[in-house]
Amino acid sequence: MVTVSLELTSSLYGALYASVFAGAGYLKSRRREGFSPTKFLESVLLGTLIGAMAGGMGLDLRDLGIEDLLLVGGATTLTRDLLRAALRSSGGER
């Protein structure tokens, strides 16, 4: 059996980092598409979950270097995109 513990402080940092990445994603594509609150919230919620799990595994998000910050942001973006692709391929519309 696998046990996953979640950590509140790290989840808040994960949400903060994900919101920065989501904001940067909007800025890069704002000429092609408008701001999507749904996409923004998806990123923030995933960042919250990833941050909580990272904290539960012992990673202290308060002391992240730039490499670690990019890892958390990349994991959030990749997870969101994979979930979106899986929903589309299964017939769900996102």
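These exercises with worked solutions walk through a predicted model of one protein chain.

Local features need pLDDT of at least 70, side-chain atom pairs count only at pLDDT 80 or more, and totals for chains, interfaces and linings use all residues. Residues are numbered from 1 along each chain as its sequence is written, and side-chain values use heavy atoms, with hydrogens and water left out.

**Exercise 1. The overall fold**

Task: State how many helices and strands the protein chain has, and give their order.

Solution.
- Step 1. Apply the rule: helices (H or I, at least four residues) and strands (E, at least two) are DSSP runs, numbered from the N terminus.
- Step 2. Count. The protein chain has three helices and zero strands.
- Step 3. Read from the N terminus. The order is α-α-α.
- Step 4. Add the dimensions. The C-alpha trace spans about 40 × 30 × 20 Å along its principal axes.

**Exercise 2. Contacts and surface**

Task: Find what share of the 94 residues is buried, and describe the contacts and the surface.

Solution.
- Step 1. Fix the classes. Buried means under 20% relative accessible area, exposed over 50%, and partly exposed in between (1.4 Å probe, protein chains only).
- Step 2. Buried residues make up 27% of the 94 residues.
- Step 3. Contact means heavy atoms within 4.5 Å. Take the contacts between residues at least 6 apart in sequence: 79% of them join residues at least 24 apart.
- Step 4. Accessible areas come from the Shrake-Rupley method with a 1.4 Å probe; for residues, only the protein chains shown count as cover. The accessible surface of the chain is about 6500 Å², and 64% of that belongs to carbon and sulfur atoms.

**Exercise 3. Two serines**

Task: Place serine 11 and serine 43, classify each one, and list their contacts beyond four places in sequence.

Solution.
- Step 1. Serine 11 sits in helix α1 (residues 8-29). Serine 43 sits in helix α2.
- Step 2. Serine 11 counts as buried because its relative accessibility is 7%. Serine 43 is at 3%, so serine 43 is buried too.
- Step 3. Serine 11 contacts Thr48, Gly51 and Ala52. Serine 43 touches Ala18, Ala22, Thr76 and Arg80.

**Exercise 4. A salt bridge**

Task: Find which side chains meet in a salt bridge, and say where they lie.

Solution.
- Step 1. Start from the principle. Side chains of opposite charge can pair when their charged atoms come close.
- Step 2. Use the cut-off: a side-chain nitrogen of Lys or Arg within 4 Å of a carboxyl oxygen of Asp or Glu.
- Step 3. The structure holds one salt bridge. Glutamate 42 and arginine 84 form the pair, at 2.5 Å, N to O.
- Step 4. Glutamate 42 is in helix α2 and arginine 84 in helix α3, 42 residues apart, so the pair links distant parts of the chain.
- Step 5. Both residues are buried.

**Exercise 5. Two aspartates**

Task: Decide whether aspartate 81 and aspartate 63 are buried, partly exposed or exposed.

Solution.
- Step 1. Aspartate 81 lies in helix α3 (residues 66-89). Its relative accessibility is 35%, so aspartate 81 is partly exposed.
- Step 2. Aspartate 63 lies in the loop between α2 and α3. Aspartate 63 counts as exposed because its relative accessibility is 61%.
- Step 3. Check distances. Aspartate 81 and serine 43 are 38 residues apart in sequence and 9.6 Å apart, C-alpha to C-alpha. Aspartate 63 and alanine 18 are 45 residues apart along the chain, with 16 Å between their C-alpha atoms.
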